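The exercises below are to be worked with the sequence and the structure at hand. Each task is followed by a solution in steps.

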Amino acid sequence: MQDLLLGERQALIRTRLDLSGRVIAAELAQELGVSEDTIRRDLREMAASGLCRRVYGGALRLAPSSSPTTMNERMGIAGERKAMLAKAAADLLPAGSTVFLDAGSTNLALARALPTGADLTVATNAPAIAAALLERDIATIQLGGLIDPRVGGAIGAKAMRDAEAFRPDILMLGVCGIDTEAGVTAYTFEDAEFKRFLASRSKTVLVAVTNDKLSTAAPYSVVPLSRVARAVIEADADETEAAALAAAGLETLRAGRAGASRTDLP
């Protein structure tokens, strides 16, 4: 395969990224019979063209660029899958705890999955999530500020100041991409900054992740995988991607399977 032209080589790299979510420069160099410098140059060019995200030793598949641009659009996609994730995540919220639900369509499904009158105090930066909580007679705190329609919540200076008053027991962090190398990532700088600040003030960080976000990376880093206590993933999540998360030390729970309880969180 060492006679592949530049375009053919990069097309093969893109195929590998689509299939496995990541490529390792040293492995590609050996397979293709070229130097690691050549592969790194290919990856730099592909990253500059928005085809991948470079990380130490290789590259990652980008989080889907075709994702809807607003939370209202995302709310209409994969509703049943998000409801299953939400049901599993709801069982991880102990009675009497203070929880922050970060803006996101999966966390909106979680708010709707909580039992009426649940013994929780829940803060959120998303009006849709706050409304769902109030419909269930759950004590709710709404952060203020300008609502970003892409995020579906407030993420600006006012929201950051409001968030300074909280030290949640549990943060349900919204996820745009998650990977063993890139950690949790977000699409916009401001959203990543807000999420990172919330994580810094929270005792425990949990995530609920749809299949399309596994082994992908959005442009902005939020927290490393080591900061996440547990990830709820779909029942049919790819075994290799789930195993990679587990090998990195992240405990995973497949929605719809036994093994979760409200008492075993850190």
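**Exercise 1.** Across which strands does helix H9 lie?

*Solution.* Note at the outset that the model is predicted. Step one: locate helix H9 at residues 189-200. Step two: look at the strands it crosses, which are E11 and E14. Step three: take the direction; helix H9 runs at about 10 degrees to E14.

**Exercise 2.** Place E11 and E14 in their sheet and describe that sheet.

*Solution.* Step one: the sheet is open and has 3 strands in the order E10-E11-E14, with antiparallel pairing. Step two: strand E10 (177-179) and strand E14 (220-223) are the edge strands, each pairing on one side only. Step three: from one strand to the next, the twist averages 35 degrees. Step four: examine the pair E10 and E11 (residues 183-186), which run antiparallel and are joined by 3 bridges. Within this pair, Asp179 has Gly183 of E11 as its bridge partner.

**Exercise 3.** In what order do the strands of the 7-stranded sheet follow one another, and which strands stand at its edges?

*Solution.* Step one: reading across the open sheet gives E6-E5-E4-E9-E12-E15-E16, and the pairing is parallel. Step two: strand E6 (139-142) and strand E16 (251-254) each have a single partner strand, so one side of each has no neighbour in the sheet. Step three: the twist from one strand to the next averages 20 degrees.

**Exercise 4.** Describe strand E12 and its links to the strands on either side of it in the order.

*Solution.* Step one: E12 covers residues 204-209, and 6 of its 6 residues are buried. Step two: sort the side chains by direction. Thr204, Leu206 and Ala208 point one way, while Val205, Val207 and Val209 point the other way. Both groups are buried. Step three: strand E9 (residues 170-173) runs parallel to E12 and is joined to it by 4 bridges; here Leu171 is opposite Val205. Step four: strand E15 (residues 230-233) is also parallel to E12, with 4 bridges between them, and Val232 in E15 is the bridge partner of Ala208.

**Exercise 5.** Is Phe100 buried or exposed, and which residues does it touch?

*Solution.* Step one: Phe100 belongs to strand E4 (residues 98-101). Step two: its relative accessible area is 1%, so Phe100 counts as buried, the cut-off being under 20%. Step three: E4 and E9 run parallel and are joined by 3 bridges, with Phe100 opposite Leu171 in E9. Step four: leave out residues up to four places away in sequence; the residues that Phe100 touches then include Ala123, Leu143, Pro168, Leu171, Phe194 and Leu198. Step five: one of these, Pro168, is 68 residues away along the chain, yet its C-alpha atom is separated from that of Phe100 by 6.2 Å.

**Exercise 6.** How do helices H1 and H3 pack?

*Solution.* Step one: a pair of packed helices is described by the angle between the axes and the distance between them. Step two: for H1 (residues 6-20) and H3 (residues 36-48), the angle is about 75 degrees and the axes are 11 Å apart. Step three: the angle falls within 65 to 115 degrees, so H1 is roughly perpendicular to H3. Step four: H1 contributes Leu6, Arg9, Gln10, Ile13, Arg14 and Leu17 to the contact, and H3 contributes Thr38, Ile39, Asp42, Leu43, Glu45 and Met46. Step five: sorted by class, the contact has 6 nonpolar, 2 polar and 4 charged residues.

How values were computed. Residues are numbered from 1 along each chain as its sequence is written. This is a predicted model: local features need pLDDT of at least 70, side-chain atom pairs count only at pLDDT 80 or more; totals for chains, interfaces and linings use all residues. Side-chain values use heavy atoms; hydrogens and water are left out. Axes are lines fitted to C-alpha atoms, for helices over the stretch in contact, and angles run from 0 to 180 degrees between N-to-C directions. Helices (H or I, at least four residues) and strands (E, at least two) are DSSP runs, numbered from the N terminus. Angles under 35 degrees count as roughly parallel, over 145 as roughly antiparallel, 65 to 115 as roughly perpendicular and the rest as oblique. Contact means heavy atoms within 4.5 Å. Ala, Val, Leu, Ile, Met, Phe, Trp, Tyr, Cys and Pro count as nonpolar, Asp, Glu, Lys and Arg as charged, and the others, Gly among them, as polar. Buried means under 20% relative accessible area, exposed over 50%, partly exposed in between (1.4 Å probe, protein chains only). Two strands pair if DSSP finds at least two bridges between them.
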